[in-house]
Amino acid sequence: MPIYLRITVNGKRSETTTGRECEPSQWNSIAGRLKGTKEDTKSFNAYLDTLQKQVYEAHSQLTETKSIINAETLRDKLLGKAKKQEC
């Protein structure tokens, strides 16, 4: 099953694929992480932690530039698809 990243801002959602997959039986839906302690599981979960950190950094950058922050602009900033703001 593919793993998606869901960004929610003020109740509005936007999703994008992480490009990773896992077996449904290995997924902990409450934690949003893979179950287990093997090295490949730790690496996968570290990747998810990095993605989460990148979302927070994108939010911080949008805040610094006083851009509109919603689920779509945050996702686009994360993916490098940020649009130029009109004056």
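**Exercise 1. Work out what share of the protein's residues count as buried.**

Solution. Start with the chain itself: the protein has 87 residues, and 26% of them count as buried. Keep in mind that you are working with a predicted model. Next, turn to the surface, where the protein exposes about 6,700 Å². Carbon and sulfur atoms supply 49% of that exposed area.

**Exercise 2. Decide whether Thr16 is buried or exposed, and place it in the fold.**

Solution. Let's take this one step at a time.

- Step 1: find the element. Thr16 belongs to strand β2, which covers residues 12–21.
- Step 2: apply the cut-off. A residue is buried when its relative accessible area is under 20%. Thr16 has a relative accessibility of 13%, so it counts as buried.
- Step 3: list the partners. Once neighbours within four places in sequence are set aside, Thr16 is in contact with Tyr4, Leu5, Arg75 and Leu79.

**Exercise 3. Describe the overall architecture, from the order of elements to the box that holds the C-alpha atoms.**

Solution. First count the elements: there are four strands and two helices. Then follow the sequence, and you will read the pattern β-β-β-β-α-α. For the dimensions, use the principal axes: along them, the C-alpha atoms fill a box of roughly 50 × 20 × 20 Å. Finally, look at the contacts between residues at least 6 apart in sequence; 30% of these join residues at least 24 apart.

**Exercise 4. Find how far apart the mean positions of the positive and negative charges are.**

Solution. Begin with the tally, which gives 15 positive and 11 negative charges. Now compare the mean positions of the two groups: they lie 3 Å apart.

How values were computed. Residues numbered from 1 in each chain as written. Predicted model: local features only at pLDDT ≥ 70, side-chain atom pairs only at ≥ 80, totals over all residues. Heavy atoms only, no water. Buried < 20%, exposed > 50% of the residue type's maximum accessible area, 1.4 Å probe, protein only. Contact = heavy atoms within 4.5 Å. Areas by Shrake-Rupley, 256 points an atom, 1.4 Å probe, with all protein chains shown as cover. Lys, Arg positive; Asp, Glu negative; His and termini not counted. Charge placed at Lys NZ, Arg CZ, Asp CG, Glu CD.
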